[in-house]
Amino acid sequence: MTELRDGFLYHPDGRSPNDQLKRLVAGAHNLALDDMFSTTRQEAQGATIKAKRDHEKALERLILLKATVLRLEQAIEDAKEHEVTVIDAIAQFDKTGEIDDILVPECNALLAAEQQQFDSADAPSKAMEIDAASKQVNQKLGKNWDISDTHVDEEFAYITVKCRRETPTPSPRPAREDVIQKVKQAFEAHRLAFVERVKPARLTSVIVGVPRAP
């Protein structure tokens with residue numbers, strides 16, 4: 001049996017649009033099997049799919065936003081009712097001198113101000129601890145190591161270190177303009193071959209009626 005050559009009926013190295021585009025750029029395409037514009041068509045279809053997916057995500061976010069709006073509207077109503085309750089409790093206090101639990105403030109602004117004062121007072125200590133920890137880590141770092149980030153919280157000091165890679169990158173990253181230029185040149189070089197190729201005829205099936213017995 002005659003051995004079928006590579007690309008006679010199929011491409012063992014891949015049939016995807018990008019595989020066909022690689023063969024087109026390399027000049028190793030097969031007119032009978034490869035599609036000159038398969039990658040372009042796939043990119044167009046991918047853009048449509050992405051737009052539909054983004055639209056669906058936007059609709060999901062819209063539903064969440066509508067739910068959030070409804071929740072906030074209910075929160076406004078609850079806050080108004082709470083305000084009315086506080087006003088009634090104040091009026092009750094003016095009459096009886098009784099302090100209802102609802103009249104005790106939550107002190108959020110006071111707590112925030114005290115926390116800010118605490119952070120301001122603790123800032124010099126944090127700076128000193130960061131400096132001391134950085135010096136200690138620097139003494140133990142080896143060649144090509146450096147401190148990348150430092151910060152502290154109420155309990156720990158964090159020192160993040162980094163090391164420069166010793167192995168160089170394999171090759172510079174290809175520029176998009178260079179790749180597009182190569183593809184454009186391949187399109188110009190092979191366009192006549194694809195236009196003049198003999199396209200396979202469409203095969204159609206015909207259902208033949210079964211003759212009836214006389």
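This is a tour of a predicted model of one protein chain, going from the whole chain to single residues.

**The whole chain**

Start with the full chain in cartoon view. The protein chain has 4 helices and 2 strands. Read from the N terminus, the order of the elements is α-α-α-β-β-α. Switch to a surface view next. The accessible surface of the chain comes to about 18,900 Å², and 57% of that belongs to carbon and sulfur atoms. Of the 214 residues, 12% count as buried. Among contacts between residues at least 6 apart in sequence, 33% join residues at least 24 apart.

**Helix α1 and its cover**

Select residues 17-26, which make up helix α1. Which residues of α1 are buried? They are P17, D19, Q20, L21, R23 and L24. Show α2 and α4 as well, since what covers the buried residues of α1 includes these two helices.

Keep α1 and α2 (38-96) on screen. The two helices pack at an angle of about 145°, and their axes lie 8 Å apart. The crossing of α1 past α2 is left-handed. To see where the helices touch, show side chains for P17, N18, Q20 and L21 on the α1 side. Their partners in α2 are S38, T39 and Q42. P17, Q20 and L21 belong both to this contact and to the buried set of α1.

Move to the residue stretch just after α1 and select G27. This glycine takes a positive phi of about 75°.

**The salt bridges of R23**

Go back into α1 and select R23, then add D13 and D34. These three residues are linked in a network of salt bridges.

Take the D13 side of the network. The side chains of R23 and D13 meet in a salt bridge, with 3.1 Å from N to O. R23 sits in helix α1 and D13 in the segment before α1, so this pair ties together parts that are 10 residues apart in sequence. Is each partner buried or exposed? R23 counts as buried at 6% relative accessibility, whereas D13 is partly exposed, with a relative accessible area of 48%.

Now take the D34 side. The salt bridge between the side chains of R23 and D34 has an N to O distance of 2.9 Å. D34 lies in the loop between α1 and α2 while R23 lies in helix α1, so here the parts tied together are 11 residues apart in sequence. Both R23 and D34 are buried.

**The loop between α2 and α3**

Select the loop between α2 (38-96) and α3 (108-140). V104 is in this loop. Add F93 and I99 to the selection and show the surface: with V104 they make a nonpolar patch of about 290 Å². V104 has a relative accessible area of 54%, so this valine counts as exposed.

In the same loop, select C107. Its phi is positive, about 65°, although the residue is not a glycine. Why is that worth a stop? Most residues other than glycine have a negative phi. C107 is partly exposed, with a relative accessible area of 36%.

**The loop between α3 and β1**

Move along the chain to N144, in the loop between α3 and β1 (145-152). N144 is another residue other than glycine with a positive phi, here near 70°. At 37% relative accessibility, N144 counts as partly exposed.

**Helix α4**

For the last stop, select residues 176-195, helix α4. Show the side chains of E188 and R191, which meet in a salt bridge of 3.2 Å from N to O. Both residues lie in α4, 3 residues apart, about one turn of the helix. An α-helix has 3.6 residues a turn, so residues three or four places apart point the same way. At 52% relative accessibility E188 counts as exposed, and R191, at 41%, counts as partly exposed.

To finish, zoom out to the full chain again. How many salt bridges does the chain have? The count comes to 7, including R23 with D13, R23 with D34 and E188 with R191.

Notes: Residues are numbered from 1 along each chain as its sequence is written. This is a predicted model: local features need pLDDT of at least 70, side-chain atom pairs count only at pLDDT 80 or more; totals for chains, interfaces and linings use all residues. Side-chain values use heavy atoms; hydrogens and water are left out. Buried means under 20% relative accessible area, exposed over 50%, partly exposed in between (1.4 Å probe, protein chains only). Contact means heavy atoms within 4.5 Å. Accessible areas come from the Shrake-Rupley method with a 1.4 Å probe; for residues, only the protein chains shown count as cover. Patches are made of residues with over 30% relative accessible area and no salt bridge: like charges are joined within 9 Å, nonpolar side chains (Val, Leu, Ile, Met, Phe, Trp, Tyr) within 5 Å. A salt bridge is a side-chain nitrogen of Lys or Arg within 4 Å of a carboxyl oxygen of Asp or Glu. Axes are lines fitted to C-alpha atoms, for helices over the stretch in contact, and angles run from 0 to 180 degrees between N-to-C directions. A crossing is left-handed if the near helix is turned anticlockwise from the far one by less than a right angle, and right-handed if clockwise.
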